[in-house]
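Here are some notes for reading this model alongside its sequence. Please keep the structure open and find each residue as it comes up.

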Amino acid sequence: MILKKIVPLFLCAMGIISGIADACPPVKIGTLSIEHPWVRPSTGPNTAAYLTITNMSQDPDKLIRAECPDATAVELHNHIEEDGVMKMRPVPFIEIGKDPVELKPGGLHIMLMGLKDSFQGKGSVPLTLHFEKAGKVDVNFSVKIPENKPAAE
Ligand SMILES: [Cu+2]
């Protein structure tokens, strides 16, 4: 019985079942629940990390900063359309209101820049997320190549 619970957690932490995101239990911090954290392996100096954050409280929170030991700099980014072209822009924070916030390709993302590691062949990558109210939390992001998506953030 205990083993049934421990094994999926262990496999999840190791990133072995990274393709099956639903097998990973949500990470809880304060009133926030973090699900499906994943990062794209890189072929260049930068890549992006994604996740879904749900706030169980009526009180909004903000993702204000993220850190990754394998990146020289980490920024919070959004995509905006400018003259018909999608461009990435840094944002000072990502508000977590009453609706779940999904960071995903083509939208909000955590930009990892100046990578010291391509993440190719890795199971997972540790990131630290800083929230204004909930504080900081360490989350393992599964290394995953997205399906049916071009290699752009
Ligand atoms: Cu970006």
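1. Start with a hairpin, since it is easy to find. Three elements are involved: β10, β11 and the connection between them, which consists of 3 residues. The two strands run antiparallel and are joined by 8 bridges. To check one pair by eye, take L129, whose bridge partner in β11 is V137.

2. β11 also has a link to β2. Here the strands run parallel, and 2 bridges join them. Opposite W38 you should find S142 of β11.

3. Before going further, note that this is a predicted model. The chain has a mean pLDDT of 87, and 81% of its residues reach 70 or more. Residues 17-21 are a weak stretch, with pLDDT below 50; in the model this stretch nevertheless has 12 contacts beyond near neighbours in sequence. Where pLDDT is low, the predicted coordinates should not be read in detail.

4. Next, look at β3 and its partners. β2 and β3 run antiparallel and are joined by 6 bridges; in this pairing, S33 stands opposite T54 of β3. β3 also pairs with β9 in the antiparallel sense, over 3 bridges. A further antiparallel pairing, over 3 bridges, is with strand β8, residues 101-103. In that pairing, L51 has L103 of β8 as its bridge partner.

5. Is β3 largely enclosed or not? It is largely enclosed by the rest of the structure, because 7 of its 9 residues are buried. For this count, a residue is buried if 20 or more other C-beta atoms lie within 10 Å of its own.

6. Now the largest nonpolar core. It holds 28 residues, and the members that touch the most others are A49 and I110. Strands that each supply at least two residues of this core include β2 (32-39), β4 (61-67), β5 (71-82) and β10 (124-131). The largest contribution, 5 residues, comes from β3. As general background, nonpolar side chains in soluble globular proteins tend to be buried together.

7. Finally, return to A49 and I110. A49 stands opposite I110 of β9, so the two residues to look for here are bridge partners as defined by strand pairing. Leaving out residues up to four places away in sequence, I110 touches A48, A49, A66, V74, L76 and L103. One of these, L103, already appeared above as the bridge partner of L51.

Note on methods: Residues numbered from 1 in each chain as written. Predicted model: local features only at pLDDT ≥ 70, side-chain atom pairs only at ≥ 80, totals over all residues. Core = buried A, V, L, I, M, F, W, Y, C linked by C-beta atoms within 7 Å. Buried ≥ 20, exposed ≤ 12 C-beta atoms within 10 Å, placed from the backbone. Helix = DSSP H or I, 4+ residues; strand = E, 2+ residues; numbered from the N terminus. Contact = placed C-beta atoms within 7 Å. pLDDT = per-residue confidence, 0-100.
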